[in-house]
Amino acid sequence: MRKGLNDRLFDVLNITILSLILLAVLYPLVFVISASVSNPFLVIRGEVLLVPKEITFQAYLRVFRDSAVLNGFMNTLLYATTGTLINLVLTTFGAYPLSRPLPGRKIIMLVILMTMFFNGGLIPTYMVIKSIGIINTYWAMVLPGAVTVFNLIVMRTFFENIPQELHEAALIDGSSQMRTLVSVVLPLSLPIMAVMTLFYGVAHWNSFFNGLIYLSDQSKYPLQLILRDILINSQMQDMMNLADESAVQQQLMGESIKYALIVVTSLPVLLLYPLLQRYFVQGVMIGAIKG
């Protein structure tokens with residue numbers, strides 16, 4: 001079927017706009033990668049725009065030699081994996097009962113929805129975290145916010161779209177609700193589980209506020225908090241303060257280290273997206289059809 005003139009104009013306009021958005025999003029990423037492996041003197045002079053010049057990996061060598069960065073990377077990896085696992089389990093156990101025709105579920109859902117608009121604030125939350133004894137512990141990074149209401153609603157809606165006949169067939173076969181969830185529902189829910197893994201995993205990887213509030217031991221700091229200290233407070237003396245370098249060389253190397261740190265902290269998330277892309281659109285669309 002041939003497209004009309006209006007359809008072709010719409011396609012051209014749509015492709016043009018999306019291409020401009022892609023360039024606007026992609027160029028900063030390409031520039032940071034190029035600047036991190038280029039001669040810092042050329043970067044400061046503005047000669048590096050897209051393609052790296054005089055490639056060097058000194059900044060990466062110094063980043064990975066720094067014990068604070070490596071420790072922060074391992075901490076963030078621990079928080080992201082443990083936290084995402086907790087998020088998936090609790091969100092699944094909350095969404096599945098709310099997707100079934102149980103008495104009182106609308107009232108429970110209303111109470112849960114209220115938490116999206118009203119909360120006690122930072123100080124009461126800090127007092128709760130302190131009262132349960134997880135201040136300055138790894139649990140302070142994964143237990144607060146263990147369930148996001150928006151993600152709970154999306155997963156519940158996805159479960160509601162699973163045909164009722166499957167639940168009835170499992171019930172006739174003598175399956176319990178837990179067995180139905182594990183053997184019937186979850187195998188059909190890979191798209192939404194992938195989306196939830198992406199949402200929660202990225203949130204944990206980029207999280208620094210909880211560490212800023214609840215952690216005082218720097219050995220437990222996540223990578224993002226260490227990156228914040230370096231970029232905002234310029235705390236990178238251990239990485240670039242070498243006796244055989246002048247002050248100018250140290251300043252130039254400091255610029256390269258900043259770009260290298262941004263790449264190091266962003267790379268795991270960039271690698272995660274392609275792995276889950278096949279499920280991403282399907283899971284979001286199915287889970288967001290109904291409220």
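A residue counts as buried under 20% relative accessible area, as exposed over 50%, and as partly exposed in between. Glutamate 160, with a relative accessible area of 23%, is therefore partly exposed. That residue is a good place to start a tour of this model, which is a predicted one.

## Overall make-up

Let us first step back to the whole chain. It contains 14 helices and zero strands, so its pattern along the sequence is α-α-α-α-α-α-α-α-α-α-α-α-α-α. Of its 291 residues, 37% count as buried. The chain exposes about 17,500 Å², and carbon and sulfur atoms supply 69% of that area. As for contacts between residues at least 6 apart in sequence, 74% of them join residues at least 24 apart.

## Salt bridges around glutamate 160

How many salt bridges does the structure hold? There are four. Glutamate 160 takes part in a salt bridge with arginine 105, where the closest N and O atoms are 3.3 Å apart. This pair links distant parts of the chain, since glutamate 160 belongs to helix 7 (residues 149-160) and arginine 105 to helix 5 (residues 105-114), with their positions 55 residues apart. Glutamate 160 also meets arginine 156 in a salt bridge, at 3.8 Å from N to O. Here both partners lie in helix 7, four residues apart, or about one turn of the helix. Taken together, Arg105, Arg156 and Glu160 are linked in a network of salt bridges.

The members of this network differ in their cover. Arginine 105 has a relative accessible area of 26%, so it is partly exposed. Arginine 156, at 9% relative accessibility, counts as buried because its value is under 20%.

Elsewhere, the side chains of aspartate 217 and lysine 220 meet in another salt bridge. Aspartate 217 is partly exposed, with a relative accessible area of 28%, whereas lysine 220 is buried, at 15%. The three pairs described here are set out below.

| Acidic residue | Basic residue | N to O distance |
|---|---|---|
| Glutamate 160 | Arginine 105 | 3.3 Å |
| Glutamate 160 | Arginine 156 | 3.8 Å |
| Aspartate 217 | Lysine 220 | 3.1 Å |

## The nonpolar cores

Now to the interior. In soluble globular proteins, nonpolar side chains tend to be buried together. The largest nonpolar core in this model has 30 residues, and those with the most contacts inside it are Tyr60, Val63, Ile257, Tyr259 and Leu261. At least two residues of this core come from each of helix 1, helix 2 (40-44), helix 3 (58-65), helix 4 (67-99), helix 12 (223-233) and helix 14. Which helix gives the most to this core? Helix 14 does, with seven residues.

Tyrosine 60 shows some of these surroundings in detail. Not counting residues up to four places away in sequence, tyrosine 60 touches Ser36, Val37, Ala260, Val263 and Val264. Apart from the largest core lies another, of 20 residues, with Val149, Ile153, Val185 and Val195 among them.

## Two buried residues

Two single residues are worth a visit. Serine 34 is found in helix 1, and at 4% relative accessibility serine 34 counts as buried. What is serine 34 in contact with, leaving aside its neighbours within four places in sequence? Its partners are Val48, Leu50, Val51 and Pro52.

Leucine 198 sits in helix 10 (residues 190-206) and is buried, at 2% relative accessibility. The C-alpha atom of leucine 198 is separated by 7.4 Å from that of tyrosine 273, although the two residues are 75 residues apart along the chain.

## A nonpolar patch on the surface

Finally, we come to the outside of the model. Leu22, Leu26, Leu29, Ile33, Leu267, Leu270 and Leu271 form a nonpolar patch on the surface, and together they have about 590 Å² of accessible area. The elements that give two or more residues to this patch are helix 1 (5-36) and helix 14 (247-287). Helix 1 provides the largest share, four residues.

Is leucine 271, a member of this patch, buried or exposed? Leucine 271 has a relative accessible area of 53%, so it is exposed, and its place is in helix 14. Helix 14 thus appears both in this patch and in the largest nonpolar core.

Conventions. Residues are numbered from 1 along each chain as its sequence is written. This is a predicted model: local features need pLDDT of at least 70, side-chain atom pairs count only at pLDDT 80 or more; totals for chains, interfaces and linings use all residues. Side-chain values use heavy atoms; hydrogens and water are left out. Patches are made of residues with over 30% relative accessible area and no salt bridge: like charges are joined within 9 Å, nonpolar side chains (Val, Leu, Ile, Met, Phe, Trp, Tyr) within 5 Å. Accessible areas come from the Shrake-Rupley method with a 1.4 Å probe; for residues, only the protein chains shown count as cover. Buried means under 20% relative accessible area, exposed over 50%, partly exposed in between (1.4 Å probe, protein chains only). A nonpolar core is a set of buried Ala, Val, Leu, Ile, Met, Phe, Trp, Tyr and Cys residues joined through side-chain atoms within 4.5 Å. Contact means heavy atoms within 4.5 Å.
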